[in-house]
Amino acid sequence: MDSRSRTDTAGRAYAGSQLQMQIYVSRREAELSAAVLQALSAAGADFRTVRWVAPLESEGFREPLDGSFLDALGLGHLRTPLQSFWPKRGPSWDALALLEPGPGILLVEGKSYPEEIFGSGCVATEPARSLISKSLEATRGWTGARVDADWLGPLYQFANRLAHVHFLRGAGHPTWLANVCFLNDRTTRPTTLEEWQTRLQPLKRQLGFESGSVPHSVDVFLEAYPRSELTSAI
């Protein structure tokens, strides 16, 4: 193992939310889909099936971004509009899925502990930064978040994921963001359900959602598994 690498030569992650997402999509798909469908139903979005299109073991668990994320969802025709909405090197998606009937679209961000949600903020330079700011401002208005909420700061990653929900919905594709929070992940920093729930509400209010509810977004909680789940023979 290269200490600088997060994955082995087959693309299998060593630890954290990347590993957990790979385990669930490739080994525990039924459990993952059931949890997602339950969360969506509770939010008023009733779908019957989930078809996972990333990360796929057959593709080395690649996490799509930019045009490749659109291609994975069968939306390659939106490549040019996306370039007008967001600069290159946009979000790298932990998982992607198609929802039926619809079809609907599911964008997934996985986390193993709350601190993972925070980052260094937007580090883009001009002209990319201006495009990002414009799209985030439009998304903030669309979601009804407070206009003074800082979407370029530590919670920028969450904000840019919401922006892509806005983009796809604006293109006529019903889209949801699932924040998949892994419980008791001993490959990194174990976090209980109670700890997750305590931390998430203040984060959402920090993003400008006073009610603690983010439009077109659901939280999914799943128990973490050891890496042997992924490396053992199927």
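These are my notes on the sheet in this structure and the helices that touch it.

**Entry 1, the model.** I'm working from a predicted model.

**Entry 2, the sheet.** I looked up the strand order first. The sheet is open and has five strands, ordered E1-E2-E3-E4-E5, with mixed pairing. E1 and E5 (217-223) are the edge strands; each has a single partner strand, so one side of each lacks a neighbour in the sheet. I also checked the twist: on average, neighbouring strands here are turned by 30 degrees against each other, direction ignored.

**Entry 3, strand E2.** Is E2 mostly buried or exposed? I found that five of its six residues (95-100) are buried, so the rest of the structure largely encloses E2. Then I went through its partners. E1 (residues 49-54) pairs with E2 in the antiparallel sense, over five bridges. In that pairing, Ala 54 sits opposite Leu 96 of E2. E3 (residues 104-111) also runs antiparallel to E2, and five bridges join them. Here Ala 97 has Leu 106 in E3 as its bridge partner. E2 and E3 make a hairpin, with three residues between the two strands.

**Entry 4, E4 and E5.** Which way do these two pair, parallel or antiparallel? E4 (residues 175-183) and E5 are parallel, with seven bridges. I noted Val 180 opposite Val 220 in E5.

**Entry 5, helices on the sheet.** Helix H6 (residues 156-170) packs on the sheet and touches E3, E4 and E5. The direction of H6 makes about 150 degrees with that of E4. Helix H1 (residues 16-27) lies across E1, E2, E3, E4 and E5, and runs at about 110 degrees to E4.

Note on methods:
Residues numbered from 1 in each chain as written. Predicted model: local features only at pLDDT ≥ 70, side-chain atom pairs only at ≥ 80, totals over all residues. Heavy atoms only, no water. Buried < 20%, exposed > 50% of the residue type's maximum accessible area, 1.4 Å probe, protein only. Pairing = 2+ DSSP bridges. Axes fitted to C-alpha atoms, helices over the stretch in contact; angles between N-to-C directions. Contact = heavy atoms within 4.5 Å.
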